[in-house]
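Here are a few exercises on how chains meet in an assembly. Keep the structure open and work through each task before you read its solution.

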Number of protein chains: 4
Amino acid sequence: MAKTALITGASSGIGRGAALKLGSEGWHILAHGRREDALRETEELVRVAGGTCETFAAEMGDMDAVAAMAERATAPGRLDALIHCAAKFTYGAVSTDRFADWDLSIDQVLRATIRLTAHVLPAIREAEGAFVYICGPTSWLGWKNHAIHCALRHAQAGFAKALFEDVREDGVRVTLVHPGFVNTPTVKDDGKDRSRMIQLDDISTMIATAIALPNTTCVTELTLRPQRSPYI
Amino acid sequence: MAKTALITGASSGIGRGAALKLGSEGWHILAHGRREDALRETEELVRVAGGTCETFAAEMGDMDAVAAMAERATAPGRLDALIHCAAKFTYGAVSTDRFADWDLSIDQVLRATIRLTAHVLPAIREAEGAFVYICGPTSWLGWKNHAIHCALRHAQAGFAKALFEDVREDGVRVTLVHPGFVNTPTVKDDGKDRSRMIQLDDISTMIATAIALPNTTCVTELTLRPQRSPYI
Amino acid sequence: MAKTALITGASSGIGRGAALKLGSEGWHILAHGRREDALRETEELVRVAGGTCETFAAEMGDMDAVAAMAERATAPGRLDALIHCAAKFTYGAVSTDRFADWDLSIDQVLRATIRLTAHVLPAIREAEGAFVYICGPTSWLGWKNHAIHCALRHAQAGFAKALFEDVREDGVRVTLVHPGFVNTPTVKDDGKDRSRMIQLDDISTMIATAIALPNTTCVTELTLRPQRSPYI
Amino acid sequence: MAKTALITGASSGIGRGAALKLGSEGWHILAHGRREDALRETEELVRVAGGTCETFAAEMGDMDAVAAMAERATAPGRLDALIHCAAKFTYGAVSTDRFADWDLSIDQVLRATIRLTAHVLPAIREAEGAFVYICGPTSWLGWKNHAIHCALRHAQAGFAKALFEDVREDGVRVTLVHPGFVNTPTVKDDGKDRSRMIQLDDISTMIATAIALPNTTCVTELTLRPQRSPYI
């Protein structure tokens with residue numbers, strides 16, 4: 001029976017990359033995203049790569065939708081991995097006119113992460129499976145105009161580090177992936193050189209290898225940087 | 001004219017310690033807490049120490065109360081420091097029956113921190129003042145059964161590190177204080193040796209010294225540990 | 001033409017594991033160690049695994065031997081990787097009767113690392129190759145009775161992090177590998193459960209995968225921990 | 001009886017600043033430096049500040065001189081603090097023509113630090129005293145063209161962190177001070193704005209306060225940054 005991974009943020013970027021890679025290795029992919037059309041593209045690409053795929057459209061800021069997605073993902077009785085790539089980027093100064101946006105960011109990035117984890121944890125534990133969280137250097141650095149973003153990235157990292165202590169005895173891995181600048185469709189084409197960024201396949205290869213190790217070992221942190229400047 | 005500090009969590013522990021120390025150095029203290037009676041004790045102790053004190057009772061999980069407190073604190077037109085000690089400790093396994101408690105923790109620890117900061121930032125900027133956030137080793141470590149606590153402590157640290165980049169040019173300090181095990185009233189007396197913990201006056205002395213430096217220098221991080229084992 | 005890796009500390013443990021893994025993937029291995037007989041075993045094992053292997057016996061504390069090894073390793077004109085696993089463990093209290101041992105540790109761990117790197121850097125740069133340094137959690141933590149060990153592990157990590165900034169533009173990777181407790185022959189069998197430690201093949205797999213990425217991406221840090229307690 | 005501090009690198013900069021501050025608070029200062037004339041200036045300045053001072057001229061790269069200095073410093077039977085400010089800055093690419101300079105750096109920065117610590121440890125332990133090591137951000141970051149410098153700063157930090165675990169039970173403090181850009185005489189006047197750097201008195205104030213705490217608490221790390229840009 002194929003291993004199954006729930007991959008959030010799989011309608012593009014790192015999540016789609018992970019879907020294609022694991023799909024090509026025979027995993028059954030549960031692809032989450034917000035946009036139905038993009039998810040159907042992911043589904044088709046996973047099939048072309050040799051895998052099978054189901055899709056879930058959900059807003060990560062909607063806790064009922066998160067619960068429903070987790071319920072569907074765990075219903076078949078087998079879930080081997082949660083690859084959590086969905087994110088929301090929050091930019092700007094600390095200011096009282098940003099509260100609504102911050103609330104949304106907190107819900108999408110922090111509440112969704114911890115709730116989704118809690119929902120699928122029994123199934124992942126049953127499978128002695130893996131949690132993979134895509135984080136990044138803002139989980140240990142403070143950047144100007146990124147106070148909320150840094151807060152939420154730090155939070156994800158803190159959560160994942162502690163989660164490993166909770167679940168290691170049960171054979172469940174927890175891997176924090178810290179990519180630098182990645183060549184994703186959301187990167188703006190304002191003169192940037194995409195060939196000097198981390199490529200999606202590079203991250204996917206490392207993730208797939210980490211979660212395929214026999215579970216004597218857990219890759220707890222994995223930091224990737226663009227080989228060449230100017231990107232961090 | 002006396003310098004003024006808004007100190008959250010001042011009804012006991014580190015917050016009250018900071019209130020007494022700054023009060024004794026001539027600061028006017030705006031003491032926040034949840035319990036009116038404990039705040040009145042703080043007020044009296046600050047007076048005995050030679051300072052002046054006003055009190056604000058507010059639930060940090062109530063964003064309207066946070067806004068109201070900030071409005072009162074900035075109304076007189078002078079606010080030199082926010083010493084943010086209010087906290088909520090979240091303990092336990094990652095589990096779906098904990099969501100209500102987590103929501104409360106997120107509100108009290110993260111939303112309250114970032115909103116209160118945003119509310120008072122214009123006044124602190126005007127005063128070329130200081131932000132001090134009490135954090136701790138769970139802001140960089142992951143501890144078993146502390147996943148939400150670690151997430152929220154990491155979040156505070158990430159927020160503070162980035163905030164410094166935003167405000168340093170304006171002469172506003174941001175200091176992260178990381179105490180290990182502190183002798184506070186909330187520590188359980190189950191055979192613990194309080195004399196081997198960090199004492200409140202030790203932290204207060206370091207905070208008071210840091211924010212009194214001429215503002216060529218910002219003490220960005222300050223880590224304190226109990227001198228003797230067994231506490232971390 | 002086969003890729004070539006100089007692997008130090010290849011007479012056992014992580015170094016031998018890396019030699020077998022890369023050998024099995026078609027690399028030509030230059031295996032360094034102190035003991036000739038153990039090196040011959042490594043050589044034979046690499047051949048069985050499908051690779052080719054040469055051996056260099058050298059004391060890492062002897063800077064002339066380090067230079068001679070580097071000269072031999074770079075003589076054929078091709079060197080694609082230095083996998084630096086040779087180590088010396090230094091245990092004990094800080095005391096004036098330990099100076100001779102510390103001097104040896106400094107030579108073997110720090111001077112050897114930076115000199116060997118400098119010697120082979122032109123060849124690695126020519127090949128757009130990779131440096132891999134085996135380090136560990138003592139490169140960021142302080143452990144009781146490990147002051148010199150922690151100093152030297154920190155030093156290696158600091159060197160590697162800075163080296164990446166020097167060479168990234170030339171397409172040279174620098175990877176820090178931080179394994180927790182590894183099942184190596186040097187582990188004492190005093191009731192320890194080897195099945196609960198990191199296995200050599202797990203590390204080798206991650207290293208081999210990291211250095212085989214197309215060089216748009218550098219895996220700068222890779223932290224591995226034993227999945228199950230009690231080991232760190 | 002006055003407390004006594006051995007301060008290395010006290011002929012200028014941070015070391016001299018610490019000498020003046022502690023001297024003004026009534027400490028007896030043992031001022032180490034390389035240059036006799038500069039040390040005499042420090043001695044005179046300490047006296048003007050109200051303290052007493054002896055001087056030791058020694059090359060930190062000369063292990064016999066380090067031992068002799070330690071012997072003189074501990075001879076009177078009382079040593080309350082080692083404030084270790086002496087440093088050597090190592091800049092440049094990783095290259096085989098730098099070995100002599102690196103050897104000198106290793107001796108001056110690493111061997112001198114650990115040996116001096118070992119020599120004075122019994123006296124400091126007797127006094128339940130303090131070790132203070134001036135380090136900096138290169139003890140956790142990797143900077144281009146600073147590979148050896150980063151290695152040695154990391155090493156000092158690793159040593160100090162572990163040392164605290166060794167000596168905390170004996171009431172001996174170990175404090176790592178991480179200043180950013182400091183206004184010292186060695187800073188080049190190539191258009192730099194000294195008023196935007198950390199001032200010596202700021203660091204000295206924080207050090208003096210940390211080591212004067214009752215020894216229930218140890219300030220293990222203290223990070224200072226210039227308040228305003230452009231310096232790190």
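**Exercise 1. Work out how many residues of chain C are in contact with chain D, and what that contact is made of.**

Step 1: count the residues. With contact meaning heavy atoms within 4.5 Å, 37 residues of chain C touch 37 residues of chain D. A word on the ground rules: this is a predicted model, where local features need pLDDT of at least 70 and side-chain atom pairs count only at pLDDT 80 or more, while totals for chains, interfaces and linings use all residues. Residues are numbered from 1 along each chain as its sequence is written, chains are lettered from A and ligands numbered from 1 in the order in which they are written, and side-chain values use heavy atoms, with hydrogens and water left out.

Step 2: get the area. Buried area is the accessible area (1.4 Å probe) that two parts lose on being put together, summed over both. For chain C and chain D that comes to about 3000 Å², 70% of it on carbon and sulfur atoms. On the chain C side, C:V94, C:F99 and C:D166 lose the most area to chain D, together 17% of what that side buries.

Step 3: look for polar links. There are four salt bridges between chain C and chain D, a salt bridge being a side-chain nitrogen of Lys or Arg within 4 Å of a carboxyl oxygen of Asp or Glu. One to look up is C:R111 with D:D103, whose closest N and O atoms are 2.9 Å apart.

Step 4: place the contact on the fold. Helices (H or I, at least four residues) and strands (E, at least two) are DSSP runs, numbered from the N terminus. α4 (99-126) and α5 of chain C each supply at least two residues to the side that touches chain D, and α5(C) gives the most, with 15 residues.

**Exercise 2. Now do the contact of chain C with chain A: which strand pairing joins them, and how many salt bridges are there?**

Step 1: size it up. Each chain brings 38 residues to the contact, and the pair buries about 3100 Å², 42% of it on carbon and sulfur atoms. C:R168, C:R225 and C:Q227 lose the most area to chain A, together 25% of what the chain C side buries.

Step 2: count the salt bridges. The rule finds six across this interface; in one of them C:R225 pairs with A:E165, the closest N and O atoms being 2.9 Å apart.

Step 3: find the strands. Two strands pair if DSSP finds at least two bridges between them. Here nine bridges join β7 (residues 217-226) of chain A to β7(C), and the strands run antiparallel. To check the register, find A:P226, which stands opposite C:T217.

**Exercise 3. What turn lays chain C on chain A, and which chains do not touch?**

Step 1: superpose. The fit is by least squares on the C-alpha atoms of residues with pLDDT of at least 70 in both copies. Chain C lands on chain A with an RMSD of 0.0 Å after a turn of 180° and a shift of 0.0 Å along the axis. The two copies are thus related as by a two-fold rotation axis. C:L222 is the residue of chain C that comes closest to this axis, at 2.4 Å (C-alpha).

Step 2: compare the surfaces. 100% of the interface residues of chain C are also interface residues in chain A, so these copies meet through the same surface.

Step 3: check the remaining pairs. Chain B and chain C do not touch, their nearest C-alpha atoms being 11 Å apart. Chain A and chain D do not touch either, with nearest C-alpha atoms 11 Å apart.
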